[in-house]
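Grab a pencil and open the viewer. Here are a few exercises on charged side chains, each with a worked solution.

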Amino acid sequence: MDKQFIQVGIRRIPAPATKKTKWYEGKPIVSMVILGIIVLGCVCCDLFIPKDPTYMDLYHTNVAPNGEFWFGTDTMGRDIFSMIWYGGRISLFIGFFATVISTAAAILFGAISGIEPKWLDNLLMRLTDIFLSIPGLLLIIFIQAILGRANVLSISFVIGITGWTSIAKVVRTEVRQIRNSEYVVAARCMGAGFQRILWKHLTPNFISSIMFMVVMNIRGAIAAESTLSFMGIGLSLEVISWGSMLSLADKALLSGSWWIILIPGVFLIATMVAVTNIGNWLRKSANRKESNL
Amino acid sequence: MIRKNPFVYYGQKLLIFILSVLLLSVVVFYVSRLAPGDPLVSYYGDRVEKMSVEERRWAEDKLGLNDPIHVQYVRWVENALEGNFGISYKYKMDVLEVIGGRLANTMILGGVGFVLIFVLALGLGIFCAWHEDNWLDRVICKVGTITSCIPEFWLSLVLILIFAVNLRWLPSSGAYSVGNKDDILDRVVHLILPMTVTVVNHLWYYAYMIRNKLLEEVRTEYVLLAKSKGLSKKNILFKHCLRNIIPSYLSIMAISVPHILGGTYIVETVFSYPGIGTLSYESARYQDYNLLMILCILSGIVVILCNMIAQVINERIDPRMRENEIAETSEVTNVG
């Protein structure tokens, strides 16, 4: 029967094979696992670290990794294995907290700049440019000097307050695009205030485009903390973080103790690579098209 | 859009530029004086502690530190307009002299580094886009991501540990060996490590950008058309796609000049390379106000100028840009 009614010129197109993707495909599983282990290990470090990370064992300074001290000890005789997990807490906390500060500042600044009249926008953007043109390192030294001696909160604040500009610019551009859309106008007509429009209408729309930058900001903040502590502007030696552990590096270079430099660095970089991969995945998952080439 | 008179256009830019620099100088002047710390220490060294009250007052008067800040600022501007930027408290020389001796070093490190990054990033980006999702591309992407995550100071430390401490092939600090100031080979040897760090640290960021921009371009309709006309892959990629992304690459690289220069600050400090970076770090930490001001203004001028160049390039390519500014300032790592 069927064969009698073959339509000429119309070919049945085989349905494209819809490959069933497994839940883990395309996701940065390895990075997530590594980051998970590091975060979990740092948060629960009290449960398993073998030594007191702050105790200075003066009989065992500069010991290379061995059975008792798995990652060796530093020039002050502290156990590096314990310090890694204990100090990771502070490094991760600074990364997280600084990002919260900078994101909040960026959203507020960008949104004001995007919504308000042109002259204010111009002024704010000009200020941003000025802000950007002071070298980051000097700016941090200034602010840190004004705040006084560095502690965990003040250093997060300093890093956060210097790292919001790029997000703010993106927020501003996005806000300028959607501020005249019907739903914002409607909300305004109904008497919604700035706060409500910002959090209920604008934020959900630009959050996906800044998500990548926010994640990258965590990475930047962790790197900044370690750099500052290394250069002696950040956390002091007694406050253990990955950065302050590395500030012993110049002494370690003299004695050739590679473990003091390499081990905290490897943890630092592993965290940052994992965060970067997750950030890249976030960005990629937003748009993926076929190549025409 | 009505084309503006070029004089008006560039005049406006110049005005904005001058205003920005002026505002920058005000901000830096006030902020640096708000910071606690004793500028006398950098001028008189340890003798400050033994000074009596009258001696201190006299010293502060001599350096003009007792006047209200705005008086100090006006005096500074007046002197600066005459080309007199004061003396460095620490080096007790004219600040321009202090900087002059070191500017060339930073220019070499930053300038050559910038050119290397510019060329290598372009090559690497095209290479990766050509081999999209190939194993080669994947390996390079993975390695690149890791290198871009390594903090500059750590990479410097590891390189020093390997090449200077263990292998003893390369020097670990300075710009030349003592007494060997004019030996070019010696200088080059001293440059290798800092240069490697600078390039490796920034390279992937730009290469990845090129790769992604090319891949975005490859997904447009005109490429499909070109391909159906029978053009070769090489032809399409180099003659069509590349040509479309080069202008935006140029503008991004213009913005990145200060970014890369900022990165050399840390590298210079770790390698104790006598450049602008180590100098500004010292001057900010030890309240060497006059030196600090000129350094901040110099770097500010570079940043503002580069941003303007980027803006001009962008507006040339795409007149729509005149309305909105460059949003693509890239993720900014705070330090450098």
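**Charged pairs and a charged patch**

Searching the whole structure, a predicted model, turns up 4 salt bridges over all chains.

**Exercise 1.** Work out which helices the salt bridge between A:Arg172 and A:Asp121 ties together.

*Solution.*
- Step 1: the two side chains meet at 2.7 Å, N to O, and the cut-off for a salt bridge is 4 Å.
- Step 2: A:Arg172 lies in helix H7 (residues 165–178) of chain A and A:Asp121 in helix H4 (residues 118–133) of chain A, so the bridge ties together parts 51 residues apart in sequence.
- Step 3: there's a network here too, linking A:Asp121, A:Arg172 and A:Arg176 through salt bridges.

**Exercise 2.** Decide whether B:Arg219 is buried or exposed, then do the same for its partner.

*Solution.*
- Step 1: the partner is B:Glu132, with the closest N and O atoms 3.0 Å apart.
- Step 2: buried means under 20% relative accessible area.
- Step 3: B:Arg219 has 17%, so call it buried.
- Step 4: B:Glu132 has 26% and is partly exposed.

**Exercise 3.** Place B:Asp137 and B:Arg211 in their helices.

*Solution.*
- Step 1: the two form a salt bridge, closest N and O atoms 3.0 Å apart.
- Step 2: B:Asp137 sits in helix H6 of chain B and B:Arg211 in helix H8 of chain B, 74 residues apart.
- Step 3: B:Asp137 is buried at 1%, and B:Arg211 is buried at 8%.

**Exercise 4.** Find which residues form the positive surface patch.

*Solution.*
- Step 1: pick out A:Arg283, A:Lys284, B:Arg138 and B:Lys142.
- Step 2: helix H12 (258–286) of chain A and helix H6 (135–149) of chain B each supply at least two of the patch residues.

Terms used: Residues are numbered from 1 along each chain as its sequence is written. Chains are lettered from A and ligands numbered from 1 in the order in which they are written. This is a predicted model: local features need pLDDT of at least 70, side-chain atom pairs count only at pLDDT 80 or more; totals for chains, interfaces and linings use all residues. Side-chain values use heavy atoms; hydrogens and water are left out. Patches are made of residues with over 30% relative accessible area and no salt bridge: like charges are joined within 9 Å, nonpolar side chains (Val, Leu, Ile, Met, Phe, Trp, Tyr) within 5 Å. Accessible areas come from the Shrake-Rupley method with a 1.4 Å probe; for residues, only the protein chains shown count as cover. Lys and Arg count as positive and Asp and Glu as negative; His and the chain ends are not counted. The place of a charge is taken as NZ of Lys, CZ of Arg, CG of Asp or CD of Glu. Helices (H or I, at least four residues) and strands (E, at least two) are DSSP runs, numbered from the N terminus. Buried means under 20% relative accessible area, exposed over 50%, partly exposed in between (1.4 Å probe, protein chains only).
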